[in-house]
Every structure is written in structure tokens, then in C-alpha cells.
Amino acid sequence: MSMLKVLLLLPLLGAGLLLLLPSRRVDLLRHVASIVAAATVLCACLLLIDFDPTIGDIQFFETRPWNPRLGSNLALGVDGISLPMLLLATVLCFVAIFTSTAVRNGAKLYFSLILGLETSMLMVFAARDWSLFYVFWELTLIPLFFLIDRLGGANRHRAALNFVLYTLGGSVFMLIALLLLYDVAPGHSFAMDDMAAGSAQLPQKTQILVFLGLLLGFGVKMPIVPLHGWLPLAHVEAPSPISVLLSGILLKMGAYGLIRAVWTLPGAAQALQDWLALLALLSLIYGAVLAWRQTDLKAMIAYSSISHMGVVLLGIAALNEAGLNGALTQMVAHGLAAGLLFMLIGLLYERTHQRELAAYGSLNRTAPRFAVFITLTLLASVGLPGSAGFIAELQVLIGAYARWGGWLAVLSMGVLISAAYALRAIRRLSTGPERPFAGAAAGVATFADLTRSETVTASVLSAAIVVIGFYPAPLLGLMSSSVARLAQQFGG
């Protein structure tokens, strides 16, 4: 069996193994789930070792008929665009499982659903057939619905329903668009290459309509303003480890799908280039302003995610090598930073049952490890030089400036607003006066600092953010050939 198949099936087999274990052995369930998730990370690393970054085409490709009458195939493969997403997904799934120490009730269902969700997400990134992509795109909704609805906060039922309805609504338009492409694909095939070849036969207006259908489906998941209504509530109500997955990976599925849509319909993407940039700048500013106005830490990071995905959309809209490299780097950078932030905020909430900024005072003396990691991650999330976000935003800026020139001053405004809310949070959490907390005179000193295992997990994510910031060459080299092949369609 190929390493790619092992990578995709291992979490699913792990979920099946968990179902055989006794429900009362909560610690055993978490340890087994953590081992399976760690083994999946190892498989992704082995896949990376065998990957040749000088080849821009699909590697490890394998296919077998799934439904020959419909032209569907179980076609799998990775390139320099999908492999970073596979690595990111495996790492953050491990982080989400490893830090889920507070889950005691329903632990068997919880860990099984996360591992099932991991397989679905990995299949989305590895699929080379649009029907396979669509099936697993929809399958991610089932575990997420139950994870939010069963284990979320006070408004969890509304949050879960909103998330599913928004995503299903967008998926209807995506399905119609894919069926239109299927109709013109050679041999009526759902293979991504065949659909891309068939799309060239469509008139430009039809291509644009098909692209808009895909944009609605992927735009809900990213999310793009005004399709973002589900995101803040889902983030606030979801358990914090699930927020790590929502922000770190699920949003990237939307951006990844949009990149594949651009590759499939290059004429429509070029015709809508300026409109995509406008949507990107709107998301960037709108998300940053709303994040600045939040006092709930999870809501602040949720709205900041909208702003950061606006940067990703702007890089995609540039349709040149610098912009696309920046978009992909931002997807990785934001996945690491937002994942770490939600992990830290979740651990704070477990200890204090508070998420309001005003409830906290300085953590420097009483919880110095919390203070260091939160400060580092907040600064990294706004693109501090030396962090992965800086490399990403710089490339997006270069790529977008080549296309739109001075209009990119709007991007600078978004960065300034982001810096304002990040520095406000740092001032409250790390440099402000100590306050009485939860009725205790000792204030924030009444809860424990990060444990050794939590510190190791936070250190690994922080190290990845800093290493990419100072030495981005390996990541850029991994993506370069595939990005160059995509940008060639637009002369970029």
C-alpha cells in the first residue's frame, strides 16, 4: 500500500479502534488517539521526504474506477499546493487531540469524530477527481456538526446549525457548477484535468457563471465577506480544540478549493480578477475592524481570521507567482498562528472559565509561559518581521502591487488595524496590572501556568512560525514548481 493511502486511511482506522475501547477509560482513549494522530504526522513527513519539489505536476498519482457510468474515479495525488496543506492538517489534528485534556464526557465519540474529520480533510486535499473532492468536502460537515452541537457552549445548537446551513447553501451552487463542467468534460468525466480541458470550450460568460458558483461554495468556507455569518458564532461556541481545526484547516479548505477553481477556469478568474481583489480588501478591512471591537478573546481571533483570509484571497486574485506563493504561505502561517492562539485561549478558559479581556490582568509574573507564547503568537498573527506571516504578507504585497499599484495602501490599513487589536490584547494579558480574578484576592495567580506537555506543544508551533519567518526557502521551494505552473496560465 502506498504511503499516501496509509496517510489517508490511518485516522479512519484509528477512529474504528477507539470505538472498540471502553468508554470509561478516558485517558486511554486520548492516548490512543494521540498516538494515531502522531503516526499520521509521521506518514505526512515520509511523504514529504519522497516528494520531488522540482516537479510541478501531480505526484504519487493513483486512480481506480469508482462509478464508471458517471465517470467518477478514486483518483489521488499531491503537488506543491496540496502537500503543505496535508502537513498542516496532520499537525493541527495532533495538537487538537493532544490538548483535549478537559474532555471527559463523551470522549470516545469526541476523539473518534476528530479522527474521522481528519481523514475527510486529508481526502479533500489529496483528491484529483471533483466528485471525490465534493463527497469528502460534504462529509466534513457531519463530525463538525456533532462536535459543536454536543460539546460546544451555551449557543452550540444555533452555532452548529448555522455552520451546516451556510456550508450546504454554498455547496448547492458548487454542485451545479461542477455538473456544468462535467457536461463539457471529455468523456463526461469528473477528473480535474478533464474538467479543466472541457472548461476551455465554454463561452466566457458561461465560464464566469460556473466560476461564481464555485466561488460561492468556497467563499462560505474561507469565509469571504458577506458569506462569513457562520464563523464568529461557530468559533465562540465550539470547544477550543475544534476551533483550532476550524480556523487552522477548515478555512484553508475553502482557499485551496478556490485555487483549484482558478486552475480549472483561468479565463473566468482573469475576467473577475479586479472583483476578487475588491472582495479581498473588503474582507481584510471588515474583519480587522470587527476584531478590534471585540472583547471576547475567541471572537477577536475569529474575526481576525476573516481579515487574514482576505490576504489569502488578494494573493490568489493577483494571479502571479508572487501573489500565489504569498497566498499559500499565508494559509500555512495563519494555520499555525491561529491554531496556537485558539489552543492557548482554550487552555486559559479551562483554568478560568473567562474569555473577556477585561477579566485578565498581567500574566507575566503568575503565568509567564502563557504570557510569552500569547505575546509571540499575537505579534506573529499581524505579520511581525521574523514571523511566517511577514513573509506571506510581503509576497502578497509584491504580487498585488504588480497588478494594482497604489490601491494596495488599503492592505496597509488592514495591517495597522490588526496591530491595534493585537497590541491591545498584549497590553491586557501581559503588561497590565494584576486584577482580582473570579473572586480570588490573588487574581490571575489562582490558576496554573502551562504544563510541560502544553509548553512543548506550544513551542513546536511557535518554532515553526519563527523558522518559516527567518528561513522560508524550504516552504517556498516545496511550492514553487506547482505555483509557477499555475501562474504560467496567466503569464505571471
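These are my notebook entries on a core, a helix and a loop residue looked up in a predicted model.

Entry on conventions. I number residues from 1 along each chain as its sequence is written, and I use heavy atoms for side-chain values, leaving out hydrogens and water. Because the model is predicted, local features need pLDDT of at least 70 and side-chain atom pairs count only at pLDDT 80 or more, while totals for chains, interfaces and linings use all residues.

Entry on the core. I looked up the largest nonpolar core (buried Ala, Val, Leu, Ile, Met, Phe, Trp, Tyr and Cys residues joined through side-chain atoms within 4.5 Å), and it has 177 residues, with Phe211 and Leu246 among those that touch the most other members. Helix α15 (residues 321-352) gives the largest share of this core, 16 residues; helices here are DSSP runs of H or I, at least four residues, numbered from the N terminus. For phenylalanine 211 I listed contacts (heavy atoms within 4.5 Å) and, leaving aside residues up to four places away in sequence, found Leu258, Ala261, Val262 and Leu265 among them.

Entry on helix α11. In α11 (residues 240-264) I noted a kink of about 35°, centred on leucine 246, where the bend is the angle between axes fitted to the seven residues ending there and the seven starting there. I found 25 of its 25 residues buried (under 20% relative accessible area, 1.4 Å probe, protein chains only), so α11 is largely enclosed by the rest of the structure.

Entry on asparagine 155. This residue lies in the loop between α6 (141-151) and α7 (156-184), and touches Leu233 and Glu237, not counting residues up to four places away in sequence. Its C-alpha atom is separated by 9.0 Å from that of valine 236, 81 residues apart along the chain.

Definitions and conventions:
Buried means under 20% relative accessible area, exposed over 50%, partly exposed in between (1.4 Å probe, protein chains only). Helices (H or I, at least four residues) and strands (E, at least two) are DSSP runs, numbered from the N terminus.
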